[in-house]
Structure formats: structure tokens, C-alpha cells
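Trainee: I am new to this structure and would like to understand the terms used to describe it. May we go through them in turn?

Mentor: Certainly; let us begin with the structure itself.

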Amino acid sequence: MQHFTSVQDITDWSLLWQKVQQVKENPQGRKTFGAGKAMCLIFLNASLRTRLSTQRAAMNVGLDTVVFDINQGGWQLEMADGAVMNGSKAEHVKEAAAVIGSYYNLIGIRAFAQLNDRDEDYQETIIQQFKKYAGVPIISLESSVRHPLQSLTDLITIEEYKKKERPKVVLSWAPHPRALPQAVANSFLEWMPYTNYEVVLTHPEGYELSDEFTQGIRTTNNQREALQNADFVYVKNWSSYRDYGQVLRTDDEWIINEDKMLLTDSAYFMHCLPVRRNVVVTDSVINSSDSLVIPQAAHRVTAAQTVLELLLDHA
Amino acid sequence: MQHFTSVQDITDWSLLWQKVQQVKENPQGRKTFGAGKAMCLIFLNASLRTRLSTQRAAMNVGLDTVVFDINQGGWQLEMADGAVMNGSKAEHVKEAAAVIGSYYNLIGIRAFAQLNDRDEDYQETIIQQFKKYAGVPIISLESSVRHPLQSLTDLITIEEYKKKERPKVVLSWAPHPRALPQAVANSFLEWMPYTNYEVVLTHPEGYELSDEFTQGIRTTNNQREALQNADFVYVKNWSSYRDYGQVLRTDDEWIINEDKMLLTDSAYFMHCLPVRRNVVVTDSVINSSDSLVIPQAAHRVTAAQTVLELLLDHA
Amino acid sequence: MQHFTSVQDITDWSLLWQKVQQVKENPQGRKTFGAGKAMCLIFLNASLRTRLSTQRAAMNVGLDTVVFDINQGGWQLEMADGAVMNGSKAEHVKEAAAVIGSYYNLIGIRAFAQLNDRDEDYQETIIQQFKKYAGVPIISLESSVRHPLQSLTDLITIEEYKKKERPKVVLSWAPHPRALPQAVANSFLEWMPYTNYEVVLTHPEGYELSDEFTQGIRTTNNQREALQNADFVYVKNWSSYRDYGQVLRTDDEWIINEDKMLLTDSAYFMHCLPVRRNVVVTDSVINSSDSLVIPQAAHRVTAAQTVLELLLDHA
């Protein structure tokens, strides 16, 4: 595996699952694997799980890590080719990527969607520029379009908890007061064709995701129908892709509550966190024994460590 | 010792002092003690000594550490049970604590008093929530009420410099332009019953601390009287507990100067730092050979390393 | 070598070049050299290369490092002797330096020129205060006057790429929309007398640097004349020293473009980065195969590691 920026980067699925298993069984078993190598994690946006789990994963393989909040401690980056840089941006991504790639063996980068210009966001410019100019493996810590470390985590979690060969997995939109990116939902759906789950996507009208990710996915605007006999309910808000970056509704009709969970086959509740309690999901559901949010978040270390081990073979 | 959030957490004082001695003699003697474990230090407020000394202490025991300025790089935390989270707070402390506790073997957290609502501050909510939900040992890096790493440091320093069995230790309020928490003073007094020092507390009227900490402590509003024959003068400003969070006076009557130090028995001058020179204490006193502020601050590493070693036995 | 804050700190040049060679050949060859020691890097200003290369260099010698953005996570420092500290500055540099020096074996510090008061800036107060009070080796990560890690990097790069014994090295001013410090240019010139290069300085009228650094350096206001037969063109903007901190012109007459590079003897293009493309230098020049900006930046690790190894012998 050369980079880890989307599901397409995975070259050997059986090796991936073999690594997942090894990491789960003995996370401290390869403490010197990263010796003499170092990673730089660049954040343009807030992070709790990604920041802390990726650092812990790096420690587990003996990989030195620096964290760089580039907009606070560094320089604002220019992305455009040919720009006359006489504004607020002091450094071009071409130099930043190449320089950091000359210092570090691996680079992770988080750059959320800005939610202003859909075409710009969906080009994933910053992560593509880093892939082009850094010369070292790039790990997406969530791009404007995808969050593959989260998706791998989600698969690891479903695999661990599933009670049947082909569980029914429902991805449901839920309300939120702020405009959020589509990355987690896009990415989750992008990984689904690599499983044999029965997948259903449900959201209100206007919240359709890009065709690129929903092609072949059963979709309905009827949340209750979608939840029937579900084994896993994955809940996530996103802003509109059609009316790009807009919040079309904030009413609580789509909140996940106990009543809706009763429609399922005692489904597990999943969410990538952070979650707004009593807006996205009621306390009673997230506090219940069927809520997987903490073990799911804990598997962020499993996923990151697996990815690091696969990339270090080539770093 | 399961946590380190107040003097009450200490289960074995003789083991504690034995560790202090070992650490003082050979801080690098246990470089692999923390191997395979990792700590997360969470800061909601500024810090110099705590941030830097706790990291150094962790290095000394081979414990990997990440520092997380949660309000800058992470999400604002909701503390209230049952909150409908449709405001500015994106994550509940229940998830944050449990997730970080799933990644790290130890958690340190600093959360100052807000000085708006006394009852709220004195519940020490955030540190109590972390103790409840994180599932790993919690270290107070200064809560809204206490600063136990500072208090342990203070004791280590007094023990090292005392010239008699039962030294007279005076805790004196001093002026300051800003409203500061009561944590250092509360905590210092809370530790005093575990010593055999002669303790005197002195402050102007209106600056009484909570009964919880002053019970049984000799107290006077006459600073000069308190300083008579003192062996150690510990100086600290705090805002009013009665008129909660208020600065009642900023005149220089209570400044510590050479004239006042002459009343003492050649007392050592102590302060937890940062200190405002020529407001809290004159240059001549803090620059004198009786000023312990630098060796005292240096013992923050001794204290942190002792606490880490005691907690790691259970982490 | 006791400190590394200017070229005058270098006590043994042949040892320096011997170390440079060793580090270039085998950067991972001394992984345990810093064992049991630790360094604190303090930033008062933004940094990409310095922050990331110095950390990587420290990893390469097994030196534990903490990074401290003191204005974000710490306290604002008072510099003035005798100050009555009743304003916004909570801690005096005397305490901060001594305390950090008691925790860490080495301290790096970055404190840019403020560009308001020339005399104040040119006293390099903060770095001098750290040298005076910290009690451990101090590394300049760029002071208000000098940037010696950059200058060592520049020399390492020129030595590696020079094709003749005595190359012609031109330092040329270039335009920039913002007021920048003179540190990189000052420092570059300060190191030149320790080489046998033919050095020419060129800048528009009004951009003369301090005599302290230009004494004995051939200088011209004719950029094209300066570039004739150059082997290396080092480009950098700085604000006026005479009209202190002022930007006297922002037109593009002094930009480095292909046309000007044709005057040289196929010179290499150098810049310390970050660089504003198409303001300081055209895309065609910085993208060309004669541009050394990336290998030059990469040598920041070589320079930092060399300095760390020299200082660690005394830390």
C-alpha cells in the first residue's frame, strides 16, 4: 500500500485483515517496527479521536511522531498553480509538501471541506497535492470528501460484533445544528461494496449524497422502513450535497430514539463521534448496552496501527 | 494510588516519600518503567511548569506522552447530564473521557475555576467526570479547587530546606491585578494536616478561603504578626471566595518586601510561579539567596515523576 | 560549543564540518547519543521548517523533545528589569528561563523582530536573557537579528553544490507585500567571512542592512550587474533597517525571473522558504532544475542535527 487516502488504496485485503487481527491480539507486539522512522501529522481542523488514536498507534509501532497545527503554528498554504502570492498565504503547498516529505517518512493530513464551493471541495486539492509533491506515503486524517481511517474502523467494529454472515447495516442521516461535511458518510458507503452486508441508506429529501458514493446503494427517504430488522444502525449528520453545504432542516423528526431502535433486530448503535446528545441521538440509546460508540472509537487505534504497519513496509 | 486529584488519594505516605527520595537521587534510574504505556495531558488553560515538568517526568520513566490543548485543537466539552446539545459544545465529557481512556493508560487534566459560579467551580465537575468515565488513573494538573502536584512540590521543597523539626510556615495572600483561582492556596492548606509544621494563614478581610480547607488552621488578618519568626513564607494571590471571584483590593499594602522578611527567622521565600514581580513580591526578595522559587519549581519534576511512578503501578 | 546563537559561537570549525559529513552519511548512526536528555523548543512565532526539522534532528540522536508555543499555551513574558508587572505579562523571563533550564538540558527559542523599535530588536533581548538565566545551552531558532541554523544550512548546501573552489554567491533583495525581519540576510552575511566565496550583496536604495553585517561585503544597487556570472543566487526579502521595519516598495522590478538568471553562470537558485511565488521569484525559476530550495530546506535537518550533537557534548 503506497498511500491511505481512499478504499482504492488497499492493494491486499487479506493482508489488511491479517494485520487487523495481529494488532487486536497484541498491539504492543511490534514496538520497534517503526524504529528510525518518523511521521508528521498535519491538522488544518479540530480533531480528538484522529489526533489521539493515530499518535497512540504510532507509539505502539515505535514510530516517532510530531503533530503540526499548521494554521496556528505554521503558515497558511496557497493551493492554486500559478498564483501570484501577494495575499495572506505565505507558502505554496508545493514547497510545504516537498519539505515535510524530506523530513518525515510518512505524512498524515486533515483538511475538512470548506462547504462553500462544491467543485473545489470535491477535488480534495490539498491531499492530492501532498500525494503529488511530498514523495512519501500520505495518510488521510479526513479529507474534504473521505475519512478512510473512520471507515476502516467501522468495518473492524461491524466484523467484531456481527451475529450473522450478512448483517443488515443502515446508514441514517440525523439532525444537527451546524453544517457538517459529507466525508464520513461518503467514505462509509465507498467501503460497503467491499463487504457482503445488506446496506440501506436513509435520509430526508435534499440530503442525497454524490452519485459517486451511492451508486448501487439501496436508498429510501423513509427512515422507519429502513430501520426494519437492522443489525447495525450507523448514524451521521451531513449537510446537503445538492444545495451545497446548506442545513435544510433542524427539526427532530430524524433523531434516533428508543422507539425507532425497537423497529430493528436489537441493532447496535454506531456513530463516529463527536455526537450531540439529544439532537442526533437520545441519551437512552447512546447510553444503552447496544451502543457501540466507545468500542468503535477505541478501534481507531486498531485501524491507524494497521494502516501504519502496511505503509511502513513502503516508507 | 488509583488517582491523584487531592491529598486524600494518597494511600501510602511512606511509599510516597520513599519514591520522592529515589527520584531525587536518580531521576533517570527507571527509564523503562513506563514502557508500552502512554499518557494524555489535556489542557483547558495556560500552563508552563505543569506542562513542561510533567512531560519531562514522563520521559524520565519512559512513558510516551501526548499533549492536547482541547479548546484549540479539539472540541468544546458539554458537562451537563441530559443536555440537549444544540449550542456551541460539540462533544459530551462522557464520550471524550471514555474515548481518551480507551487510548491512553493515564490522563492528566487541567481545568481552572471559571470564577463565575462558586457552586459549579467547587464541584470540580470536569475532573470528577473524567474519574467517572475514563476508566484509567486521572492526574489533576490543577482543577477548579485544588493543585495537588504543586502541593506535593511544596512539601518536597520544605522538607529539603527546613532547618528544624517543626518549622513555622506562613501562607500569605499578596496583591495581584487579575482575579485568580483559590486552588493553590486551598490545596496547600489541605496538605498541611499531613505535616507537623506550625502553619499560619494570613490575608486581608474578605479573602477567607472555604472552611473545607481552613478548618483548624490558625488565621490572622495581621500579616506582620503572622510573619514573626517564620521559617518559610509561601506567598500567593487568590480572588475572594466570599464575594466569589472578585478582586477586592489592588493596593500594595500586602506586597512581600525586604522589610517584612526581616520580621521572619531568615525565612525562605516560596511562590508557585508565575509571579508578578514588584506586585506580589519585590525584586529584592525574589532575587535574594533566600528565594526558593527556582528549586521549588524544579521539584515539579520530582513531584510529577513520583506520582507517575505510583500510578503506573496501577495503570 | 556552549550555545548556538551566532557564528561566533562556533569554537571548532573542523569539528563542525566533520560532524556535518557524519550526519549526511548516516543520520541514524547516533540514535542513543541524546539518551536521558531532553530539549524544549519554544516558539513565539510561526515556523514550519525550524519546528519540524529540529524535531526530526532530535529524534535522530534519541533526544526527547517538547514543543512549547508559549504565547498560546503559556504566559506572556516580561523582559524588562525592574518592571512592576501589573499589566498583561504574567511571568518574567528570568523565572521562565531558569525554570525551563531546570527541566530541560537544551533550550531552543524563536523570537522574531517586532519591527517597531530598532534598538530593542537589535539587543536580541529574549535570547540573551535565556542565555543569562537558563543555565543550559541555548539554540537560536531565529532571533530578532540572526538565524544561524539557516545560515549553517545555506553553507552546507553551497558546499555540496559548488562547482569551483571560489564560487560567486549573490545575496539579492526581492519584493514582498509584508514587512519581514532582516535576520536571514544579516546572518547569511555574518557567516560569509568564514568562507572563501566571492560575495556580492544587492538591494534597492533604502534597504541597506546594519554595518555590523555588511562591513567588507561588496554591495551594489544594480541587481543585474550583481548577477553577472553568479554561481549561486540567494534571494530574500527584508524590510528597511534605515526606515526601520518599513516596506519602501512593492513593485516587481526586483523579482527574480528567467531573464535575470540568464545573466548568471547557470547559477543555482536558493531561498530559505517560505517563498511567495511570482512575487519574490517566478514559477519558472523556482520550478527549474537549478532551484535548490527543496534540498536546501532538507539540509535544515543536517544543520540542526550537527548543532545538537555539538551542544550535547556539553549539555
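Trainee: At what angle do the axes of helix α2 and helix α13 of chain A cross?

Mentor: In this predicted model, the axes of α2 (residues 49-60) and α13 (residues 293-312) of chain A cross at roughly 50° and come within 8 Å.

Trainee: What makes α2(A) oblique to α13(A)?

Mentor: Angles under 35 degrees count as roughly parallel and 65 to 115 as roughly perpendicular. The crossing is at roughly 50°, and therefore α2(A) is oblique to α13(A). The crossing of these helices is right-handed.

Trainee: Which residues make the contact?

Mentor: Among them are A:Arg49, A:Ser53 and A:Ala57 of α2(A), with A:Ala297, A:Arg300 and A:Leu308 of α13(A). By class, the contact has 6 nonpolar, 4 polar and 3 charged residues.

Trainee: Why is helix α8 of chain B called largely enclosed?

Mentor: A residue is buried if 20 or more other C-beta atoms lie within 10 Å of its own. In α8(B), residues 183-191, 9 of the 9 residues are buried, so the helix is largely enclosed by the rest of the structure. The buried residues include B:Phe188, B:Glu190 and B:Trp191. Their cover includes α7, β7, β8, α9 and β10 of chain B.

Trainee: How do you know what kind of axis relates chain C to chain A?

Mentor: A rotation of 120° with 0.0 Å of shift along its axis superposes chain C on chain A, with an RMSD of 0.0 Å. That is the relation of a three-fold axis. Of the residues of chain C, C:Gln72 comes closest to the rotation axis, at 5.3 Å (C-alpha).

Key:
Residues are numbered from 1 along each chain as its sequence is written. Chains are lettered from A and ligands numbered from 1 in the order in which they are written. This is a predicted model: local features need pLDDT of at least 70, side-chain atom pairs count only at pLDDT 80 or more; totals for chains, interfaces and linings use all residues. Copies are superposed by least squares on the C-alpha atoms of residues with pLDDT of at least 70 in both. Axes are lines fitted to C-alpha atoms, for helices over the stretch in contact, and angles run from 0 to 180 degrees between N-to-C directions. Helices (H or I, at least four residues) and strands (E, at least two) are DSSP runs, numbered from the N terminus. Angles under 35 degrees count as roughly parallel, over 145 as roughly antiparallel, 65 to 115 as roughly perpendicular and the rest as oblique. A crossing is left-handed if the near helix is turned anticlockwise from the far one by less than a right angle, and right-handed if clockwise. Two residues are in contact if their C-beta atoms, placed from the backbone, lie within 7 Å. Ala, Val, Leu, Ile, Met, Phe, Trp, Tyr, Cys and Pro count as nonpolar, Asp, Glu, Lys and Arg as charged, and the others, Gly among them, as polar. A residue is buried if 20 or more other C-beta atoms lie within 10 Å of its own, exposed if 12 or fewer, and partly exposed in between; C-beta atoms are placed from the backbone.
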